[in-house]
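Okay, thanks for making time for this one. Have the sequence and the model open while I talk, and I'll walk through the fold piece by piece.

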Amino acid sequence: MAEVTYKPVVYKNRQNPDGSFDVKIRVTFKRKSTYMSTTETALEEDLDANMEIKSPELLVKLYNLIIEFKKIVSTLDQFVVDTMEVGEIVDFIKKTKASSV
């Protein structure tokens, strides 16, 4: 059974005009990845030389978001998840989050 994995990512070539960087969550399933936008941004001081997030406050926010995503996916039966593609999983997360607001 394949596992859905999540990782916060920042791309140095996608800097905003104010100097910040948009943070995305990479969702990987069955060796295929897609990216979910977040409302979080990272400043240069929040990142190390490899563009990895080092700010503890930002990491807490992002990992709380990832925990929420995992809870949403866990509501599905594992056999159903195994029949899905990564895009379908992301769509399910987005729809579930939108309906809970």
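**A walk through the model**

Let's start with one residue: Glu-68 has 31% relative accessibility, so it counts as partly exposed. For the cut-offs, buried is under 20% relative accessible area, exposed is over 50%, and partly exposed is in between, with a 1.4 Å probe and protein chains only. Glu-68 sits in helix H1. Its C-alpha is 13 Å from that of Lys-7, and the two are 61 residues apart in sequence.

Some housekeeping before I go on. This is a predicted model, with residues numbered from 1 along each chain as its sequence is written. Local features need pLDDT of at least 70, side-chain atom pairs count only at pLDDT 80 or more, totals for chains, interfaces and linings use all residues, and side-chain values use heavy atoms, with hydrogens and water left out.

Now the overall layout. There are three helices and three strands, and along the sequence they read β-β-β-α-α-α. Helices here are DSSP runs of H or I with at least four residues, strands are runs of E with at least two, and both are numbered from the N terminus. The C-alpha trace spans about 45 × 30 × 25 Å along its principal axes. Of the 101 residues, 34% count as buried. Take contacts between residues at least 6 apart in sequence: 48% of them join residues at least 24 apart. Contact, by the way, means heavy atoms within 4.5 Å.

So what's in the middle? Nonpolar side chains in soluble globular proteins tend to be buried together. Here, the largest nonpolar core has 26 residues, and Val-4, Tyr-6, Val-10, Ile-25, Val-27, Ile-89 and Ile-93 have the most contacts inside it. Strand S2 (21–29), strand S3 (32–42), helix H1 (56–74) and helix H3 (86–99) each supply at least two of the core residues, and H1 gives the most, with seven. By nonpolar core I mean a set of buried Ala, Val, Leu, Ile, Met, Phe, Trp, Tyr and Cys residues joined through side-chain atoms within 4.5 Å. If you click on Val-27 and skip neighbours within four places in sequence, you'll find contacts with Val-4, Thr-5, Tyr-6, Lys-32, Ser-33, Thr-34, Met-36, Val-86 and Val-90.

On to H1. It has 19 residues and reaches 26 Å from first C-alpha to last, close to the 27 Å expected at 1.5 Å a residue. That expected span is 1.5 Å times one less than the number of residues. Which residues of H1 are buried? Leu-58, Leu-62, Leu-65, Ile-66, Phe-69, Ile-72 and Val-73. Looking down the axis of H1, these buried residues fall within an arc of 115°, so they line one face of the helix. The arc is taken from the directions from the helix axis to the C-beta atoms. On the other side of H1, Pro-56, Glu-57, Lys-71 and Ser-74 are exposed. As for partners, the buried residues of H1 pack against strand S1 (5–9), S2, S3, helix H2 (78–82) and H3.

H3 gets the same treatment. Its 14 residues should span 20 Å at 1.5 Å a residue, and its end C-alpha atoms are indeed 20 Å apart. Val-86, Ile-89, Val-90 and Ile-93 are the buried ones in H3. Down the H3 axis they fall within an arc of 100°, so they line one face too. Turned away from that buried side are the exposed residues Lys-95, Ala-98 and Ser-99.

How do H1 and H3 meet? Their axes come within 10 Å and cross at roughly 100°. The axes are lines fitted to C-alpha atoms, for helices over the stretch in contact, and angles run from 0 to 180 degrees between N-to-C directions. That makes H1 and H3 roughly perpendicular, a label used for 65 to 115 degrees. Making the contact are Leu-65, Glu-68, Phe-69, Ile-72 and Val-73 of H1 with Ile-89, Phe-92, Ile-93, Thr-96 and Lys-97 of H3. So our opening residue, Glu-68, is part of that contact.

Last stop, the loops. Lys-30, in the loop between S2 and S3, has a phi near 55°, a positive value in a residue other than glycine. At 36% relative accessibility, Lys-30 counts as partly exposed. Met-51 is another non-glycine with a positive phi, about 65°. Met-51 lies in the loop between S3 and H1 and is buried, with a relative accessible area of 17%.

Terms used:
Angles under 35 degrees count as roughly parallel, over 145 as roughly antiparallel, 65 to 115 as roughly perpendicular and the rest as oblique.
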